[in-house]
Amino acid sequence: MSLSRFSGRSSGRPRSVRGSLLSIVLGFETIVVFLGALVAFGLDALEPTVALVGGGVLVLVMVITLALAQFRIGAVIGTVVQAAIVASGFLVPVMFFIGGTFAATWVYCLVVGTRIDRRNAATDSTDI
């Protein structure tokens, strides 16, 4: 009996390490951005509409990107999201630090995950 039966995934294409790492980073970052939007609203750092609608739209884009993290387009959209979060530091200065930290983690996971996936693909092709 295959484990794929219990994991909800088909036994076709295996999940990439890069996609898994990017999903983890983006998932945690989604929570932080949501809470950051609430803080910006609560501290009157921004107009309520800007803080809540802007934060909500960004969180929605991040959740959609979570579903696409396995694909190249997910990495591209995620990179744009990282830039937007860093740029939000112009509205709420602490976001420069928070966004920069997550952006650095994003780039690291993108590079290392791709390297591991390539190594795994090379190993799989030599095992045949």
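Helix 3 and helix 4 run roughly antiparallel to each other in this predicted model, because their axes cross at roughly 155° and an angle over 145 degrees counts as roughly antiparallel. Helix 3 covers residues 48-68 and helix 4 covers residues 72-87, and their axes come within 9 Å. The crossing of this pair is left-handed. On the helix 3 side the contact is made by Leu58, Val61, Met62, Thr65 and Leu68, and on the helix 4 side by Ile73, Gly74, Ile77, Gly78, Val81 and Ile85. By class, these residues are eight nonpolar and three polar, with no charged residue.

Helix 2, residues 17-42, also packs on helix 3, with the axes 9 Å apart and an angle of about 170°. Helix 2 and helix 3 are therefore roughly antiparallel to each other as well. From helix 2 the contact takes in Ser23, Leu26, Gly27, Glu29, Thr30, Val33, Phe34, Ala37, Leu38, Ala40 and Phe41. Their partners in helix 3 are Pro48, Ala51, Leu52, Gly55, Leu58, Val59, Met62, Val63, Thr65 and Leu66. This contact holds 15 nonpolar residues, five polar and one charged.

Helix 2 and helix 4 meet at an angle of about 30°, with their axes 11 Å apart. Their crossing is left-handed. Helix 2 contributes Arg18, Leu22, Leu26, Glu29 and Val33, while helix 4 contributes Arg72, Ala75, Gln82 and Ile85. Five of these residues are nonpolar, one is polar and three are charged.

The classes of the residues in the three contacts are set out below.

| Helix pair | Nonpolar residues | Polar residues | Charged residues |
|---|---|---|---|
| Helix 3 and helix 4 | eight | three | no charged |
| Helix 2 and helix 3 | 15 | five | one |
| Helix 2 and helix 4 | five | one | three |

Some residues recur in these contacts. Leu58 of helix 3 takes part in the contact with helix 4 and in the contact with helix 2. Glu29 of helix 2 belongs to the contact with helix 3 and to the contact with helix 4. Ile85 of helix 4 meets helix 3 and also helix 2.

The second largest pocket holds about 240 Å³ of space. Of its 15 lining residues, Leu46, Gly54, Gly55, Leu58 and Ser88 are the closest to its centre. Helix 3 gives the largest share of the lining, five residues, and helix 2 and helix 3 each supply at least two. The lining is made up of 11 nonpolar and four polar residues, with no charged one.

Conventions
Residues are numbered from 1 along each chain as its sequence is written. This is a predicted model: local features need pLDDT of at least 70, side-chain atom pairs count only at pLDDT 80 or more; totals for chains, interfaces and linings use all residues. Side-chain values use heavy atoms; hydrogens and water are left out. Axes are lines fitted to C-alpha atoms, for helices over the stretch in contact, and angles run from 0 to 180 degrees between N-to-C directions. Helices (H or I, at least four residues) and strands (E, at least two) are DSSP runs, numbered from the N terminus. Angles under 35 degrees count as roughly parallel, over 145 as roughly antiparallel, 65 to 115 as roughly perpendicular and the rest as oblique. A crossing is left-handed if the near helix is turned anticlockwise from the far one by less than a right angle, and right-handed if clockwise. Contact means heavy atoms within 4.5 Å. Ala, Val, Leu, Ile, Met, Phe, Trp, Tyr, Cys and Pro count as nonpolar, Asp, Glu, Lys and Arg as charged, and the others, Gly among them, as polar. On a 1 Å grid over the protein atoms alone, a cavity is a set of points where a 1.4 Å probe fits but cannot get out, and a pocket is an open set with protein on both sides within 12 Å along at least five of seven lines; lining residues have an atom within 4 Å of a point. Grid points are joined across faces, edges and corners, and a volume is the space filled by probe spheres set on the points.
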